[in-house]
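Biologist: Could you take a close look at the nonpolar interior of this model and tell me how it is put together? I would also like to hear about any unusual backbone angles in the loops.

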Amino acid sequence: MTAPAVQWVGRPTAAEVRATVGATAAAPAARGGWWALLPAVVALGLGWWRLDARDLWNDELVTWHATSLSVEQFRMMIGNIDLVHAFYYLIMAAVTAVGGDSLIALRLPSVLAIGASAGLIALIGRRLFGTPVGVLAGLFFALLPTVSRYAQEARSYALVTLAAVAATWLFLRAVDRPSRGRWWAYAVLLVVVGWLHFVALLVGAAHLLYLWRAVPGEEPRWRWSASVGIAGLFILPLLLLAGRQSGQISWVKNDGNAVLRFLENLTGTLPVLAAVALLALLAVAVAGRERRPAALMLVVWALLPPVTGYLTFAWLHLFLARYFLFTVPAWALLAAFGVCRTIQLLTRGRMPAAWLVGALILVPALAWQTMPAQEKVRSNDADGQPHYLDAVRYLGQQAKPGDGVAFNDGFGGSSDVARKATNYGLRDQLQPRDVFADVPARDTGWLTARECKNPALCLGDTKRLWLVETGHLNDPLAGLPPAREALLRQKFLIKHVERFDRVRVVLLERKPA
């Protein structure tokens, strides 16, 4: 493959930057990449801002649970459930082994992944359209509330996004300056993408479209095919095994309300999504013949995964916005290109720094408009989950040796959220005996404990019992299994009730004989 055949898809020259997006100066290409640090720093700052303001929610508690298992316990769990997240759990096990399992330590990898993603988005935009587009796209991405949400969550979605963005960046480098090492690196990153979340592999379809529309010659297509084939050898076994566990997310819906929630959750607010979508359409309309292949690649990256998730819902149950966070960079790149290209056309190129005016207006406007959503994603309202950890801290302060604990978790139900939160919150201190758990979750091979079938026998001679209750009923014992409720009413008196946000801690003391 000769250099002229792919010259325009590589790093733009100063003349190309001025002609396509109105860059201000002919800065050397080698120095322009430093601009990627700006969105990276903004994304890192927003990710770190109030990182511990929100409690760990159920899925994050599952992450902690998985990292606390022995090798045999972990093998049992992924054999039954969550195999699709096994690679992420292994990463987090290594992280917690080094940095501990505090709330900040658990979320820090996601913060770093989002920061790196913002920087790489800037580099991708620079390669495709010029430095101004890249920097603006990285800032758009960093300021979206949904990006902040998953930057502050101990789940795999931020790392999936980073892997998809990094794979795209390596793909463009391999096309621009092909070498065996670059294509091998691309293949390895595709494996990482698939191991983190297989649905993100659809970004490869966008890469193929770009090859077909923009890159002449057969060699790059054969190299892409070889990279995908090699990656598939490592990913296919995981897909076949994980497919047997798809029932674990059968609760996901795809009705009209689910579609609206999906759209809102993709960017954080519906107005922001509408603005980004309009700018993306504008980008395609004004791209011009030379830049249209790049714009179409981004459209496929943005739209193909969620459309596929919706159409395959009956089998895969994947229509959930957080599974498609990795498509948000494509939206940001399209929106930024739409802004810069439109300004350049309207000014007929006579205002080289016109894109900067747009940035100075749009970036603060986006930050201001999304501020309420930014506040929400840093509160428990983001998940609708009670403040379990506040209740658990109180329980840890009040519990005495010999006390027991039980759960009447109307919110968490069979998901054992209250039990997981208690286990996490009291992991390094005295923890009352879980009187009605026959086998703890770590030994069942699942995410929930096996409940005791004989409550009287399991309760034994416990004198004081703490009940973590989220039933929102006047009677804290209402809603318990009938045999358990009858036993506690017969044997215990309610001595004290401590109220927290949507959760109560109830002290029960055994009645005098």
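**The nonpolar core and two loop residues**

Modeller: Since this is a predicted model, what follows describes computed features. The largest nonpolar core holds 137 residues, and those that touch the most other members are Met77, Leu128, Phe140, Phe171, Tyr210, Leu298 and Trp301. Helix 10, which spans residues 157-176, gives the most to this core, contributing 14 residues. To look closely at one of these members, tryptophan 301, once its neighbours within four places in sequence are left aside, is in contact with Val165, Thr168, Val203 and Ala206, and also with Phe326, Thr327, Pro329, Ala330 and Leu333. Apart from the largest core there is a second, separate one of 13 residues, which includes Ala406, Phe436, Leu459 and Phe492. As a general background to such groupings, nonpolar side chains in soluble globular proteins tend to be buried together.

Turning to the loops, aspartate 82 has a positive phi of about 65° although it is not a glycine, and this residue lies in the loop that links helix 5 (71-80) with helix 6 (86-99). Aspartate 82 counts as buried because its relative accessible area is 6%, under the 20% cut-off. Arginine 50 likewise is not a glycine and yet has a positive phi, here of about 55°; its place is the loop between helix 3 (37-48) and helix 4 (58-67). With a relative accessible area of 34%, arginine 50 is partly exposed, whereas aspartate 82 is buried.

Definitions and conventions. Residues numbered from 1 in each chain as written. Predicted model: local features only at pLDDT ≥ 70, side-chain atom pairs only at ≥ 80, totals over all residues. Heavy atoms only, no water. Helix = DSSP H or I, 4+ residues; strand = E, 2+ residues; numbered from the N terminus. Buried < 20%, exposed > 50% of the residue type's maximum accessible area, 1.4 Å probe, protein only. Core = buried A, V, L, I, M, F, W, Y, C linked by side-chain atoms within 4.5 Å. Contact = heavy atoms within 4.5 Å.
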